[in-house]
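Please open the model in your viewer and keep the sequence panel beside it. We will go from stop to stop, and at each one you will be told what to select and what is there.

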Amino acid sequence: MSESSRLDAEACQNPLLDVSNIVAGYGATEVLHGVSLCVEAGEVVSLVGRNGAGKTTTLRSIVGNVVPTSGSVAFDGQDVTGLSPEETVRRNVAFVPEERRIFPDLTVAENLKVGQLGGGDTAESRDPEEVLEEFENLRDHPDRRGGALSGGEQQMLAIGRALVAGADLLLLDEPTEGLAPFVVRQVEDLVKNLNEEGIAVLLVEQNVEVALELADRHYVLDRGEIVYHGTSDQLRENEDVVDRHLGVSI
Ligand SMILES: Nc1ncnc2c1ncn2[C@@H]1O[C@H](COP(=O)(O)OP(=O)(O)OP(=O)(O)O)[C@@H](O)[C@H]1O
Ligand SMILES: [Mg+2]
């Protein structure tokens, strides 16, 4: 067994999300060459990698926007490989894509209500007003239009909307991209609060500092392969990994 697969085998005793050796891509182009990762209930795990490494494709494969050509995705012990995004939502998996896709002409409250439509019988959908209470920046202005919100507020609204459908696992694709440092802190606080409520998070980031701040374990993806897996302490000690595969220094 290679070092990384041995680490993976030890990583999760009882995985909420178990991605095993997935191969996926677009048409004839293979992007993921056998990606494995897992997330336990209540954990925050990061998937870091540079531009084009395949981070978004991994999340798309988990939610069924991309169907893997081999490998499997299991959620709560059940095989969900290739299920549609709608079916994935019903299993309480919430996905906040990179492009936040909130509705500019709808109000904050209306944007949250749209999130309820995705949930099905098995989803534990939540009351939009209850979700809004957790969002300091949004709760006092439920009638503001989505298009009038700042980038950070839009990101928080997108997260809120995903939660309304009910979530045990939140998949976040670069939630801090393009945000000013003080807004990054606000998004970090929000993710910490949600995690304290018991929601597990798979966080895709290019910003390693944010990943280290929020997550307990980290997977480094490079050209469609997991090249490193470790705890925050291990990653901090492995400056060469960060330098080589992420092109930044910590
Ligand atoms: N819809 C698509 N059709 C064809 N190729 C795609 C498509 N989406 C992504 N790719 C290619 O797949 C590879 C991985 O892309 P992906 O978006 O998963 O990377 P990423 O790690 O999320 O990058 P970024 O940090 O820029 O968001 C890239 O080479 C990209 O050009
Ligand atoms: Mg991406």
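Which residues are the closest to ligand 1, and how many residues surround it? Select ligand 1 and display its surroundings: 14 residues surround this ligand, and the closest are Gly52, Lys55, Thr56, Thr57 and Glu98. Before you look more carefully, please keep in mind that this is a predicted model, with a mean pLDDT of 89 for the chain and 92% of its residues at 70 or more.

**Around ligand 1**

Begin with Gly52, where a backbone N or O atom lies 2.8 Å from an oxygen atom of ligand 1. Then move to Lys55, which brings a polar side-chain atom to 2.7 Å from an oxygen atom of ligand 1. Add Glu98 to your selection, and you will find that an N or O atom in its side chain is 2.7 Å from an oxygen atom of ligand 1. Taken alone, ligand 1 exposes 640 Å², and the protein buries 60% of that area. If you now colour the elements of the chain, look for helix H2, which gives the most to the shell around ligand 1, with four residues.

**The magnesium ion**

Next, select ligand 2, the magnesium ion, which is coordinated by Thr56 through OG1 and by Glu98 through OE, at 2.0 to 2.7 Å. These two residues link distant parts of the chain, for Thr56 sits in helix H2 (residues 55-63), whereas Glu98 sits in the loop between strand S6 (93-96) and helix H4 (108-117), 42 residues apart.

Is each of these residues buried, partly exposed or exposed? Thr56 has 16% relative accessibility, so it counts as buried, while Glu98, at 28% relative accessibility, counts as partly exposed. With Thr56 still selected, show its contacts: leaving aside residues up to four places away in sequence, Thr56 touches Glu98 and Asp173.

**Glu174**

Now select Glu174, which is found in the loop between strand S7 (169-173) and helix H8 (181-196). Glu174 counts as buried because its relative accessibility is 4%. Which residues does Glu174 touch, not counting those up to four places away in sequence? They are Lys55, Glu98, Val204, Glu205 and Gln206, and with Gln206 there is also a polar contact of 3.4 Å between the two side chains. While you are here, inspect the backbone as well, since phi of Glu174 is near 45°, a positive value in a residue other than glycine.

**Asn92**

Another positive phi can be found at Asn92, a residue other than glycine whose phi is near 65°. To find Asn92, go to the loop between helix H3 (85-90) and S6. Asn92 counts as buried, because its relative accessibility is 4%.

**Arg101**

Follow the chain onward to Arg101, which is found in the loop between S6 and H4. Is Arg101 buried or exposed? At 54% relative accessibility, Arg101 counts as exposed. Show its side chain together with that of Glu99, and you will see the two joined by a polar contact of 2.8 Å. For a sense of distance, select Val45 too: the C-alpha atoms of Arg101 and Val45 are separated by 24 Å, and the two residues are 56 residues apart along the chain.

**Gly160**

Then select Gly160, which lies in helix H7 (residues 151-164). Gly160 has a relative accessible area of 1%, and therefore it is buried. Not counting residues up to four places away in sequence, Gly160 touches Leu112, Val131 and Phe135. Draw a line from the C-alpha of Gly160 to the C-alpha of Phe135, and its length should be 7.9 Å, although the two residues are 25 residues apart in sequence.

**Where to read with care**

Finally, colour the chain by pLDDT and ask which element has the lowest mean value and which the highest. Helix H1 (residues 3-11) has the lowest mean, 54, and strand S3 (residues 44-48) has the highest, 98. Over residues 1-6 the pLDDT stays under 50, and for these residues the model has two contacts beyond four places in sequence.

Methods:
Residues are numbered from 1 along each chain as its sequence is written. Chains are lettered from A and ligands numbered from 1 in the order in which they are written. This is a predicted model: local features need pLDDT of at least 70, side-chain atom pairs count only at pLDDT 80 or more; totals for chains, interfaces and linings use all residues. Side-chain values use heavy atoms; hydrogens and water are left out. pLDDT is the predictor's confidence in each residue, from 0 to 100. Contact means heavy atoms within 4.5 Å. Donors are N, O and S atoms within 2.8 Å of the metal (3.2 Å for Na, K and Ca); water is not among the atoms, so sites may look incomplete. Buried means under 20% relative accessible area, exposed over 50%, partly exposed in between (1.4 Å probe, protein chains only). A residue is near a molecule or strand if one of its heavy atoms lies within 4 Å of it. A polar contact is a pair of N or O atoms within 3.5 Å; within protein, one must be able to donate a hydrogen and the other to accept it, and residues adjacent in sequence count only if both atoms are side-chain atoms. Accessible areas come from the Shrake-Rupley method with a 1.4 Å probe; for residues, only the protein chains shown count as cover.
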